[in-house]
Amino acid sequence: CKQKMVEQTPEIYGLEFQSRALATRVGETEKIQFLCGTLTIRNENQVHLVDYDEETGVLNKMMFPYPAGEIWDISCSYTDKDIIVINHGGIEEGQYVRHSNLLRIKGGDPDETDLGFLEPLGTFDTPNAIQRSIWHPGGSHSQVATMDDKASLCLWTIEGTAKPQEMNKIQLDSKGRVCHTAVCWSSHHNYTQLLVSADSTLYSWDTRTNISRQLLDHHHGPCVRDIDCNPNRPYYFVSCGDDCGIQFWDWRKLDHPLLTRQDHSHWVWSVQYNLFHDQLILSGSSDSQVLLTRVASIASEPLRHMEDEDGPEPQPQTDEVISRYEEHEDSVYAVKWSSSDAWVFASLSYDGRLVINHVPSNEKFSILTS
């Protein structure tokens, strides 16, 4: 008889204030760690480093005061786990303005202390408000790409602890001020191309030739909320937005999507491929749900149902929602996979609730034995 697999329970961590910013500490290759930042205009904001020990189920945390303003976005360096970029906003001379800072995390580890500090290293000097920043994933690169509210896309170089220096820039053909943007690096062609959304329009930027082109327009209703490139299949990417949908695309054939999923009941704010197994997709929505979806039909390694050795030929697995995670009670603005464990992920809702969850055991078993 088959032995029932025991599922791991979710771990919940509460921030003191509302929050939108969540990042995987990608420079940490051994521990499961996430960074999140608060979004409060009346109190001093905070960055929280959360460390999850999967064997014991213990959450250790460190808190870093961040008085500069509301934290909208956090991006972590791939080459130095202690270097981060924070995009924040606040009131200056009666107007709300946005800035971006380069910082170093200092103060020890979460299992040793619960309070640290952020050392300022420099600012990104630009007259416009940076909406999103993302580190170059390449091994030896210390570069950051940024997108601002005037549809200006910049590539910055970071040398040691020196101030960020602009090395490349392009102006996208966008009409007016950009209210929302998403940026991701294509994991192929040596990470020389980016996908960028500006409201409901999607662009590509080739940093080698400094040429951009429009890929999709009036996409996902009023706004594309997030995009992510497939880590294993060249030209494949996923997008989500205000039409409650998630769509999968081939960069070379954009007349129609490869696959469309309509599993959420409100805007989809965040979507991400599993960093190791691209048939697993995470999504978070303002319907307060986190979904784990299997897209085996367009995966780099299609899965098959496992049968007995003497049984019939294994059948291809279907595209479907594997699990609905309902630990949140507010809009889920961010979902992130762990960079050190393929089966662990985190989600963050506006009320400051961080939830760490796992891929179901039977799905994990199917992947490992296929």
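Two strands pair if DSSP finds at least two bridges between them. Strands, like helices, are DSSP runs numbered from the N terminus (strands: E, at least two residues; helices: H or I, at least four). The model on screen is predicted, so local features need pLDDT of at least 70 and side-chain atom pairs count only at pLDDT 80 or more, while totals for chains, interfaces and linings use all residues. Residues are numbered from 1 along each chain as its sequence is written, and side-chain values use heavy atoms, with hydrogens and water left out.

**Stop 1: strand β15**

Select residues 193–198, which make up strand β15. Colour them by accessibility, where buried means under 20% relative accessible area, exposed over 50% and partly exposed in between (1.4 Å probe, protein chains only). Here 6 of the 6 residues are buried, so β15 is largely enclosed by the rest of the structure. One side carries Q193, L195 and S197, the other L194, V196 and A198, and both faces are covered.

Now add β14 (residues 181–185), which runs antiparallel to β15 and is joined to it by 5 bridges. V183 has V196 of β15 as its bridge partner. Then add β16 (residues 201–206), also antiparallel to β15, with 6 bridges. In that pairing, L195 stands opposite S204. The hairpin of β15 and β16 has 2 residues between the strands, and D199 takes a positive phi near 60°.

**Stop 2: the hairpin of β4 and β5**

Select residues 45–53 (β4) and 58–66 (β5), an antiparallel pair with 9 bridges. N45 is bridged to Y66 in β5. This hairpin has 4 residues between its strands, and G57 in the turn has a positive phi of about 75°.

**Stop 3: aromatic rings**

Rings of Phe, Tyr and Trp (its six-membered ring) pair if their centres lie within 6.5 Å; planes under 30 degrees apart count as stacked, over 60 as edge-to-face and the rest as tilted. The whole structure holds 9 aromatic pairs. Show W269 and Y333, an edge-to-face pair at 4.6 Å centre to centre with 85° between the planes. W269 lies in β22 (residues 268–273) and Y333 in β26 (residues 332–337), so the pair ties together parts that are 64 residues apart in sequence. Are these two residues buried or exposed? Both W269 and Y333 are buried.

Next add Y350, which pairs edge-to-face with Y333 at 5.7 Å centre to centre, with 85° between the planes. Y350 lies in the loop between β27 (344–349) and β28 (353–358), so this pair ties together parts that are 17 residues apart in sequence. Y350 has 23% relative accessibility and counts as partly exposed. With W267 added, ring pairs link W267, W269, Y333 and Y350 into a cluster.

Select R20 as well. A charge sits over a ring if NZ of Lys or CZ of Arg is within 6 Å of the ring centre and within 35 degrees of the ring normal. R20 lies over the face of W269, 5.4 Å from the ring centre, and its charged end sits over the ring of Y333, 4.0 Å from the centre.

**Stop 4: the cavity**

On a 1 Å grid over the protein atoms alone, a cavity is a set of points where a 1.4 Å probe fits but cannot get out, and lining residues have an atom within 4 Å of a point. The count is 1 cavity of 30 Å³ or more. To see the lining of the largest cavity, select I246, F248, R261, D263, H264, I281, S283, L291 and T293.

Conventions. On a 1 Å grid over the protein atoms alone, a cavity is a set of points where a 1.4 Å probe fits but cannot get out, and a pocket is an open set with protein on both sides within 12 Å along at least five of seven lines; lining residues have an atom within 4 Å of a point. Grid points are joined across faces, edges and corners, and a volume is the space filled by probe spheres set on the points.
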